[in-house]
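Please open the model in a viewer and keep the sequence panel visible. The tour below proceeds by selection, and each stop describes what is found there.

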Amino acid sequence: MKAYEQVEAYMQEIGLKYIKNSNDFIAGLTYRTDKNYALKVAQELNARGTGQVTSNSVFYKMKNESLTASIYISAAFDGGLFRHLGNLIIDSKELFDGKTIIDMGCDCGIVTCFIAKMYPSCRVTGVDINSSAVENGKQLAEKLSLDNVDFVCADVNDYHADDKADTICSFRGLLDICFEKTSSLPFFGEMERRENMYCQAFSGYAQAISDNLKNDGFVLSVERYTADYGWLGWMKALSACGINMNAEKCMLMRASDINSVKEYSVTLAQKSAGCSPMAAFNAVLSRDFKSGTGYEGGMAEFALYSDADGDIDIYDIFDGDKIVHQFACAKAESGKLMYYDANSTKKKIKYMNPKKKDALDKMLRDNLSVYSDEKYKIEHLTVGSAIKE
């Protein structure tokens with residue numbers, strides 16, 4: 001993807017700068033706001049970082065206590081992503097130039113205002129449930145002297161625009177918008193069953209998008225749900241509402257934040273004819289897949305389902321209703337054996353020489369024996385490849 005000077009200029013204009021580390025972040029936030037506010041934000045972020053259950057609505061209300069604070073916090077955690085989004089928006093002129101656009105879950109309007117600034121002939125509306133974020137968006141639009149952007153405080157699931165949109169955007173909002181319905185869903189487990197759960201959880205939001213979209217209108221979403229889990233379910237939810245995928249324009253995107261490099265899914269879909277979710281998912285993952293290579297994460301699961309020659313033996317291990325581990329075995333199209341191991345912190349696959357089948361069988365027995373007591377239930381499934389169509 002080409003990098004555009006307009007993106008850099010916009011980021012400089014609004015003060016969206018890279019922040020190198022956590023210490024610089026807290027110092028910079030203190031300088032721009034005050035010590036008590038910076039301490040409050042640090043405590044909330046530390047709680048999130050240690051896995052404590054926190055409220056997304058509380059955090060975003062805190063984040064948006066001022067426009068200055070909101071932009072600075074966005075810079076720390078989404079600065080790299082905003083740069084990629086800006087380039088993507090410029091590369092997608094057909095979605096924005098002269099169009100009516102809704103930016104769902106717009107937060108403080110950084111991307112909403114960028115669209116309005118890059119395409120003066122468009123009309124863009126940012127929608128967010130957080131009233132402070134909406135007020136910050138209005139301040140940002142005024143600061144930039146934009147007269148083609150509006151902000152509305154509303155729950156995106158219940159929002160009904162006066163005029164349906166040519167393009168609806170959802171940028172990094174799906175996780176927060178659907179958090180209550182997805183927070184208890186598994187990160188792993190038999191893929192079709194898991195992704196159908198996510199599809200159901202996303203269905204209300206997908207329907208709200210469809211209700212506000214013109215026939216032949218476009219959806220562009222960039223989300224934290226990826227091939228690891230959830231993305232296929234999101235595409236299924238859109239497809240169930242008649243919004244079908246453009247496989248050539250769907251992709252995975254990586255962007256840096258203050259702590260790490262994160263992966264995002266890019267979905268381009270249209271309320272018209274298009275390819276199925278599975279075909280789009282398969283097309284994206286196939287671009288970088290090589291048979292016989294050990295993988296981790298979403299690509300490991302893709303290898304299991306896409307490279308299997310025949311049935312896949314899956315062993316899902318449950319503690320009550322909660323899946324805690326998964327093992328799977330299959331033969332690859334190359335003749336090699338595949339062994340898959342997944343839990344809440346990892347997904348990993350390795351390929352083995354067919355002559356080592358006895359060793360693979362022993363490894364599986366040993367791993368299953370850890371869960372042989374009455375506390376656990378082992379569910380054995382034999383499935384075909386869910387990815388091949």
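The stops cover a sheet, paired strands, nonpolar cores, aromatic rings and a single asparagine.

This is a predicted model, in which local features need pLDDT of at least 70 and side-chain atom pairs count only at pLDDT 80 or more, while totals for chains, interfaces and linings use all residues. Residues are numbered from 1 along each chain as its sequence is written, and side-chain values use heavy atoms, with hydrogens and water left out.

**First stop: the open sheet**

Select strands 9 to 14; helices (H or I, at least four residues) and strands (E, at least two) are DSSP runs numbered from the N terminus. Here 6 strands form an open sheet in the order 9-13-12-11-10-14, with antiparallel pairing. The edges are strand 9 (295–296) and strand 14 (376–383); each has a single partner strand, so one side of each lacks a neighbour in the sheet. Two strands are said to pair if DSSP finds at least two bridges between them.

Next, select residues 322–331 and 337–343, which are strand 11 and strand 12, joined in antiparallel fashion by 6 bridges. Within this pairing, Phe327 stands opposite Asp341 of strand 12. Add residues 357–369: this is helix 15, which packs on the sheet and touches strand 10 (312–319), strand 11, strand 12, strand 13 (346–352) and strand 14. The direction of helix 15 makes about 15 degrees with that of strand 12; axes are lines fitted to C-alpha atoms, for helices over the stretch in contact, and angles run from 0 to 180 degrees between N-to-C directions.

**Second stop: strands 4, 5 and 8**

Select strand 4 (residues 165–171) and strand 5 (residues 213–223), which pair in the parallel sense over 6 bridges. Cys169 stands opposite Leu220 in strand 5. Strand 5 also pairs with strand 8 (residues 261–270), in the antiparallel sense and over 6 bridges. There, Val222 stands opposite Val266 in strand 8.

**Third stop: the nonpolar cores**

A nonpolar core is a set of buried Ala, Val, Leu, Ile, Met, Phe, Trp, Tyr and Cys residues joined through side-chain atoms within 4.5 Å. Buried means under 20% relative accessible area, exposed over 50%, and partly exposed in between (1.4 Å probe, protein chains only). Which members of the largest core touch the most other members? They are Met104, Trp234 and Ile312, in a core of 65 residues. Helix 11 (residues 191–211) supplies the largest share, 8 residues. Apart from this core lies another, of 60 residues, including Tyr60 and Leu140.

**Fourth stop: aromatic rings**

Rings of Phe, Tyr and Trp (its six-membered ring) pair if their centres lie within 6.5 Å; planes under 30 degrees apart count as stacked, over 60 as edge-to-face and the rest as tilted. The count comes to 19 aromatic pairs. Select Tyr198 and Phe202: the ring centres are 5.9 Å apart and the planes at 40 degrees, so the pair is tilted. Both belong to an aromatic cluster that also includes Phe187 and Trp234.

Then select Tyr371 and Tyr376, an edge-to-face pair with 5.0 Å between centres and 85 degrees between planes. Tyr371 is buried at 14% relative accessible area, whereas Tyr376 is partly exposed at 23%.

**Last stop: Asn244**

Select Asn244, in strand 6 (residues 244–245). Asn244 is buried, at 16% relative accessible area. Its side chain makes a polar contact with the side chain of Ser239 (3.3 Å); such a contact is a pair of N or O atoms within 3.5 Å, and within protein one must be able to donate a hydrogen and the other to accept it, residues adjacent in sequence counting only if both atoms are side-chain atoms.

Technical notes. Contact means heavy atoms within 4.5 Å.
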